[in-house]
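Here are a few exercises to work through with the model open beside you. Try each task before reading its solution.

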Amino acid sequence: MHEMNQTHLCNTTKIYVVNGQLPGPTIDITDGDTVVVHVVNRLPHGLTIHWHGIRQMRSCWSDGAGFVTECPIPPGGEHMYRFNVTGQVGTLWWHAHVTCLRATVAGAFIIRPKGGRYPFPTPAKDVPIIIGEWWELDLVELDRRMHDGNFDDNPLSATING
């Protein structure tokens with residue numbers, strides 16, 4: 001994870017990304033797989049990664065809920081997430097879970113069925129769509145304002161797949 005500048009709507013904003021990608025990389029697995037993700041935090045802010053919608057069966061310490069199931073990964077720190085995904089099929093998402101970094105540190109999490117047999121009609125095609133927000137403010141400043149009780153800021157626009 002690192003910082004970079006990106007321009008949208010004639011506005012250059014500092015954003016935070018994984019592997020230089022917005023949205024972040026898609027995790028594509030099969031039901032029953034063990035997921036192993038090595039996070040290296042090159043940001044000047046602590047964060048965790050939350051696996052939104054993934055049932056953490058006997059792995060709640062990998063849920064990524066900052067200050068709930070784990071402490072944030074400090075700047076320059078590393079953390080290895082390791083958990084099994086069993087009995088789940090569908091498209092979910094992962095995102096940063098400390099501060100407003102989830103606006104740009106996020107990606108799709110696809111769980112395919114074993115043997116290719118879906119519990120619903122087999123899709124003709126997979127097209128993950130990640131809906132987000134484009135902020136003029138630095139996301140860390142946005143978070144600070146919200147902690148101070150200022151909820152007057154609004155995103156400049158919505159985004160689809162970055």
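**Exercise 1. The two faces of a strand**

Which residues of β9 are on its covered face, and which are on its uncovered one?

*Solution.* Keep in mind that you are looking at a predicted model.

- Step 1: In a regular strand, side chains alternate between the two faces of the sheet.
- Step 2: Sorting β9 in this way puts G132 and W134 on the covered face, while I131 and E133 belong to the uncovered one.
- Step 3: Check I131, which sits in strand β9 (residues 131-134). Its relative accessibility is 67%, and residues over 50% count as exposed, so I131 is exposed.
- Step 4: Look around I131 on the surface. Together with V127, I129 and I160, I131 forms a nonpolar patch with about 460 Å² of accessible area.
- Step 5: Finish with the pairing of β9. Strand β10 (residues 157-160) runs antiparallel to β9 and is joined to it by 4 bridges; in this pairing, T159 of β10 stands opposite G132.

**Exercise 2. Laying out a sheet**

Find the order of the strands in the open sheet of 4 strands, then work out why β3 and β5 each have one side without a neighbour.

*Solution.*

- Step 1: Strands of a sheet pair through backbone hydrogen bonds, either parallel or antiparallel.
- Step 2: Following the pairs across the open sheet gives the order β3-β8-β7-β5, and the pairing is mixed.
- Step 3: Because β3 and β5 stand at the edges and have a single partner strand each, one side of each lacks a neighbour in the sheet.
- Step 4: From one strand to the next, the twist averages 20°.
- Step 5: Zoom in on one edge. β5 pairs with strand β7 (residues 90-96) in the antiparallel sense over 4 bridges, and I49 has A96 in β7 as its bridge partner.

**Exercise 3. Salt bridges across the sequence**

How many residues apart in sequence are the parts that the salt bridge between D28 and R112 ties together?

*Solution.*

- Step 1: Side chains of opposite charge can pair when their charged atoms come close. The structure holds 8 salt bridges.
- Step 2: In the bridge between D28 and R112, the closest N and O atoms are 2.8 Å apart.
- Step 3: Since D28 lies in strand β3 (residues 27-30) and R112 in strand β8 (residues 106-112), the pair ties together parts 84 residues apart in sequence.
- Step 4: Now the accessibility. D28 is partly exposed, with a relative accessible area of 42%, and R112 is also partly exposed, at 24%.
- Step 5: Try another pair, K14 and D138, whose closest N and O atoms are 4.0 Å apart. This pair links K14 in strand β2 (residues 11-17) to D138 in the loop between β9 and α1 (139-147), 124 residues apart.
- Step 6: For a network, turn to R144 and D148, whose side chains meet in a salt bridge at 2.7 Å, N to O. Salt bridges with shared partners join E141, R144, R145, D148 and D153 into one network.

**Exercise 4. Aromatic company**

What kind of aromatic pair do W51 and Y81 form?

*Solution.*

- Step 1: The whole structure has 5 aromatic pairs.
- Step 2: In one of them, W51 and Y81 are 5.4 Å apart, centre to centre, with 75° between the planes. Planes over 60 degrees apart count as edge-to-face, so that is the kind of pair they form.
- Step 3: W51 lies in strand β5 (residues 49-52) and Y81 in strand β6 (residues 78-84), so the pair ties together parts 30 residues apart in sequence.
- Step 4: Both W51 and Y81 are buried. They belong to one aromatic cluster with F83 and F109.

**Exercise 5. Unusual backbone**

Where does the residue P23, joined to L22 by a cis peptide bond, lie?

*Solution.*

- Step 1: Most residues other than glycine have a negative phi, and most peptide bonds are trans.
- Step 2: The bond between L22 and P23 is cis, with omega about -5°, and P23 lies in the loop between β2 and β3.
- Step 3: N19 lies in the loop between β2 and β3 and has a positive phi near 55°.
- Step 4: C10, in the loop between β1 (2-8) and β2, has a positive phi of about 60°. C10 is exposed, with a relative accessible area of 85%.

Terms used: Residues are numbered from 1 along each chain as its sequence is written. This is a predicted model: local features need pLDDT of at least 70, side-chain atom pairs count only at pLDDT 80 or more; totals for chains, interfaces and linings use all residues. Side-chain values use heavy atoms; hydrogens and water are left out. Patches are made of residues with over 30% relative accessible area and no salt bridge: like charges are joined within 9 Å, nonpolar side chains (Val, Leu, Ile, Met, Phe, Trp, Tyr) within 5 Å. Accessible areas come from the Shrake-Rupley method with a 1.4 Å probe; for residues, only the protein chains shown count as cover. Helices (H or I, at least four residues) and strands (E, at least two) are DSSP runs, numbered from the N terminus. Buried means under 20% relative accessible area, exposed over 50%, partly exposed in between (1.4 Å probe, protein chains only). Rings of Phe, Tyr and Trp (its six-membered ring) pair if their centres lie within 6.5 Å; planes under 30 degrees apart count as stacked, over 60 as edge-to-face and the rest as tilted. Two strands pair if DSSP finds at least two bridges between them. Axes are lines fitted to C-alpha atoms, for helices over the stretch in contact, and angles run from 0 to 180 degrees between N-to-C directions.
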